[in-house]
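Here are some short exercises to work through with the model in view. Try each task yourself before you read its solution.

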Amino acid sequence: MSIIKVGSLFAGIGGIDLGFKKAGFKIEWANEIDTKSCTTYKKNLNHNIICDDIKNINPESLSSIDVLTGGFPCQAFSIAGNKQGFHDERGAIFFELIRVVRQINPRVVFLENVKNLKSHNEGKTLQYIIQTLEQLDYLVTYNVLNTCEYSDLPQNRERVYIVAFKQQADFMRFQFPQKEVKRKSIRSILENEVADLFYYENSKIYPLLKEAMNNKETCYQWRRHYVRENKNNLCPTLTANMGTGGHNVPLILDDRGIRKLTPRECARLQGFPDSFEFPQYANSVLYKQLGNSVSIPVIAKIAKNILLALKQ
Ligand SMILES: C[S@@+](CC[C@H](N)C(=O)[O-])C[C@H]1O[C@@H](n2cnc3c(N)ncnc32)[C@H](O)[C@@H]1O
């Protein structure tokens with residue numbers, strides 16, 4: 001088996017796909033409902049992306065694959081969401097994913113979700129996901145990895161990674177990656193030339209920001225009435241809600257003043273290369289796409305270990 005092929009569900013702008021590609025997999029096809037995310041995806045990856053609701057996907061029409069990936073919508077499980085889990089329409093999308101798994105029967109299923117999936121509904125939600133895969137004859141393992149511990153990126157981002165194998169030998173050979181020793185500084189990911197619109201000098205909350213923000217090595221967050229400093233010199237988790245509300249994007253102090261991170265800096269904090277191109281969308285759209293995405297180096301490390309497990 002030389003080329004190992006991947007099909008990607010809930011592909012977003014392609015973070016998981018880029019991680020698998022980096023590890024040596026070939027992406028065969030992808031599916032994503034959001035047209036703007038599909039446009040960003042197409043600018044950077046050149047295989048077939050079906051821009052449609054997963055409910056309309058007929059797996060029989062798709063070319064065969066070895067690995068199926070899915071960073072399925074996390075809102076139904078995240079702390080910020082309404083905690084309805086599978087009763088939520090977005091949680092029910094999990095069953096669409098399972099429909100595709102059942103029909104395609106891939107050798108590996110790789111899923112990514114928010115850390116809160118683990119404790120959601122006293123752990124029953126995750127157990128249910130695992131049991132559903134086990135009923136389809138998969139052997140399932142999962143782990144919570146934090147981006148700042150498993151890559152050199154200075155972002156605090158804990159995510160659950162679920163890996164399911166059809167064959168016992170593959171499952172036995174697989175292990176989650178080791179922790180990374182080195183870490184980049186926040187300053188090292190900053191852009192040199194940043195437009196005025198990212199700065200806060202003329203904002204109503206500027207006096208409060210100025211009083212609280214004095215460390216150039218870390219990120220801050222505006223929390224309704226106060227500023228929260230990250231004491232570990234990390235950027236807080238980049239989330240999709242950066243795209244809504246003016247102050248949800250992490251803040252920094254640079255040599256010129258106080259500003260929010262730019263979309264390019266958020267992309268760097270997720271491990272996207274600077275060659276990754278964005279369409280001419282409003283910054284709010286780009287922030288949302290990047291918050292929804294993944295830390296590419298963490299995905300690449302797990303994917304590499306999946307490849308090792310499959311190739312022996
Ligand atoms: C957490 S994001 C995954 C992002 C992706 N891992 C990346 O790196 O960009 C979940 C994605 O699922 C997509 N989605 C939600 N409902 C969907 C549906 N019914 N069919 C297909 N995609 C859907 C969303 O538009 C979103 O891009």
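**Exercise 1: around the ligand**

Phe 10, Gly 12, Gly 15, Ile 33 and Gly 71 come nearest among the 21 residues around the ligand (a residue is near if its C-beta atom, placed from the backbone, lies within 6 Å). Two elements, helix 1 (15-23) and strand 2 (26-32), each give two or more residues to this shell. Helices (H or I, at least four residues) and strands (E, at least two) are DSSP runs, numbered from the N terminus.

Before going on, note that this is a predicted model, where local features need pLDDT of at least 70 and side-chain atom pairs count only at pLDDT 80 or more, while totals for chains, interfaces and linings use all residues. Residues are numbered from 1 along each chain as its sequence is written.

**Exercise 2: strand 7**

Task: find which strands pair with strand 7, where pairing needs at least two DSSP bridges.

Solution:
- Step 1. Strand 5 (residues 108-114) pairs with strand 7 in the antiparallel sense over seven bridges. Here Phe 110 stands opposite Val 163.
- Step 2. Strand 6 (residues 139-146) also runs antiparallel to strand 7, joined by eight bridges. Val 140 stands opposite Ala 164 there.
- Step 3. Seven of the eight residues of strand 7 (residues 158-165) are buried, so strand 7 is largely enclosed by the rest of the structure.

A residue is buried if 20 or more other C-beta atoms, placed from the backbone, lie within 10 Å of its own, exposed if 12 or fewer, and partly exposed in between.

**Exercise 3: Phe 198**

Task: is Phe 198 buried or exposed?

Solution:
- Step 1. Locate Phe 198 in the loop between helix 6 (168-173) and helix 7 (206-212).
- Step 2. Phe 198 counts as buried because it has 20 C-beta neighbours inside 10 Å.
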